[in-house]
Amino acid sequence: MKILVAPLDWGLGHATRTSCLVGRLLKDGHEVILAGSGKSLDMLSGDYPQLDMLELKSFSPWFFRRLPQWLAITIQVPKFIYYYICEKRKTQKIADRLGIDMIVSDNRYGVRADGCRNIMVTHQLSPIAARWAPEWFNGMLAKMLSRWLNRFDEIWVPDIKPFPDGLAGRLADPRYVRTKVVTVGLLSRLNPGCEVTGKETQASKEVDRLAIISGPEPQRSVMERRVKSMFDQKGGNNVILDGKHHTNPAVVSALVENAKEIYCRSGYSTIMDLVKMGRTAYLTPTRGQAEQEYLCERMAELGFKSWEEK
């Protein structure tokens with residue numbers, strides 16, 4: 001089967017879990033073609049240099065230091081609709097030209113085509129607009145989102161258990177979704193016990209603190225500056241993965257496995273990586289991002305701790 005796989009270029013979380021999914025598809029004997037843009041496509045090309053890559057730009061909103069995420073996205077709704085129309089038209093052309101049998105879209109609602117089996121990969125079936133939002137408002141948002149989700153043939157939820165017992169909790173509530181929902185397990189490119197060769201072998205075993213910087217700008221850079229300041233004060237052997245460059249999965253696995261302390265955002269893909277590696281961490285949500293605030297509180301039940309950015 002010829003499969004087109006396209007992750008959202010919104011930080012590297014969508015690309016890292018897509019990398020795991022691509023590995024599964026290749027193992028099953030499928031022909032995979034990657035489509036995307038920016039750092040997400042760069043990371044996937046580093047993991048799978050043998051695969052064909054197509055440029056397919058995705059909606060990538062800009063966030064602001066003091067503006068809540070829900071408001072920033074609301075302001076950019078016209079931009080989202082423009083990208084949705086463009087990627088839908090371009091995806092159809094790609095599918096027709098290459099004879100695509102199945103499309104796997106990670107949170108890209110316009111990446112689907114007639115004549116193909118269309119799969120959406122997402123853990124957000126009932127997103128939280130804002131922590132202050134009343135339940136009826138979040139329900140209205142989930143109902144609106146379901147209209148987009150129901151246009152796909154199947155929804156793959158990356159989680160250990162179906163709603164309500166998985167990591168995603170209420171975010172994966174399929175109350176308005178008519179499309180078939182399948183729980184596909186954790187999607188992580190990391191693996192415990194990875195062998196690291198060369199000069200990085202010893203370095204990965206002597207880490208006091210590891211920081212995993214992720215997410216869209218400008219909050220990614222804000223976190224990086226604060227982590228560097230904290231690490232300078234604490235001293236020791238500290239490592240920062242800045243999310244700007246491709247990093248070998250084996251090296252990242254070794255760092256996560258051996259670091260005495262880990263600091264990171266409470267992004268869903270990062271949490272899947274940590275759970276896969278059997279590690280907890282100090283989590284901090286991106287300010288104004290209700291999903292991460294909710295996940296940070298939910299992960300406290302699994303032994304994760306909060307880390308306040310100051």
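Guide: Two strands count as paired if DSSP finds at least two bridges between them; strands (E, at least two residues) and helices (H or I, at least four) are DSSP runs, numbered from the N terminus. This is a predicted model, in which local features need pLDDT of at least 70 and side-chain atom pairs count only at pLDDT 80 or more, while totals for chains, interfaces and linings use all residues. Residues are numbered from 1 along each chain as its sequence is written, and side-chain values use heavy atoms, without hydrogens and water.

Visitor: What makes β8 and β9 a pair?

Guide: DSSP finds 4 bridges between β8 and β9, in the parallel sense. The requirement is at least two, so the two strands pair. Within this pair, isoleucine 212 stands opposite leucine 241 in β9. Strand β8 (residues 209–212) is also joined to β10 (residues 261–265) by 4 bridges, again parallel, and here arginine 209 faces glutamate 261.

Visitor: Which strands are the edges of the sheet that contains β8, and how do you know?

Guide: The sheet is open and parallel, with 5 strands in the order β9-β8-β10-β11-β12. Its edges are β9 (238–241) and β12 (305–306), each of which pairs on one side only.

Visitor: How are the side chains of β8 directed, and are they buried or exposed?

Guide: Arg209 and Ala211 point one way, Leu210 and Ile212 the other, and all are buried. In a regular strand, side chains alternate between the two faces of the sheet.

Visitor: What makes β3 an edge strand in the other sheet?

Guide: That open sheet has 7 strands in the order β3-β2-β1-β4-β5-β6-β7, with parallel pairing. β3 (53–55) and β7 each have a single partner strand, so one side of each lacks a neighbour in the sheet. Further inside the order, β1 (residues 2–7) pairs with β4 over 5 bridges, and leucine 4 stands opposite isoleucine 103.

Visitor: Why is the packing of α1 with α9 called oblique or perpendicular?

Guide: Helix α1 (residues 13–27) and helix α9 (residues 268–277) pack at about 45°, with their axes 8 Å apart. Angles under 35 degrees count as roughly parallel, 65 to 115 as roughly perpendicular, over 145 as roughly antiparallel, and the rest as oblique. The helices are therefore oblique. Gly13, His14, Thr16 and Arg17 of α1 meet Tyr268, Ser269 and Met272 of α9, where contact means heavy atoms within 4.5 Å.

Visitor: How do you know whether asparagine 107 is buried or exposed?

Guide: The relative accessible area of asparagine 107 is 14%. Buried means under 20%, exposed over 50%, and partly exposed in between (1.4 Å probe, protein chains only); asparagine 107 is therefore buried. Its phi is positive, about 60°, although it is not a glycine, and it lies in the loop between β4 (102–106) and β5 (117–121).

Visitor: What is the class of lysine 39 by that measure?

Guide: With 39%, lysine 39 falls in between, so it is partly exposed. Lysine 39 belongs to helix α2 (residues 38–47) and touches Asp9, Leu12, Gly243 and Lys244, not counting residues up to four places away in sequence.

Visitor: What makes a set of residues a nonpolar core, and which members touch the most others in the largest one?

Guide: Such a core consists of buried Ala, Val, Leu, Ile, Met, Phe, Trp, Tyr and Cys residues joined through side-chain atoms within 4.5 Å. The largest has 63 residues, and Val104 and Val256 touch the most other members. A second, separate core of 13 residues includes Ala6, Ile33, Ile94 and Ile100.

How values were computed. Axes are lines fitted to C-alpha atoms, for helices over the stretch in contact, and angles run from 0 to 180 degrees between N-to-C directions.
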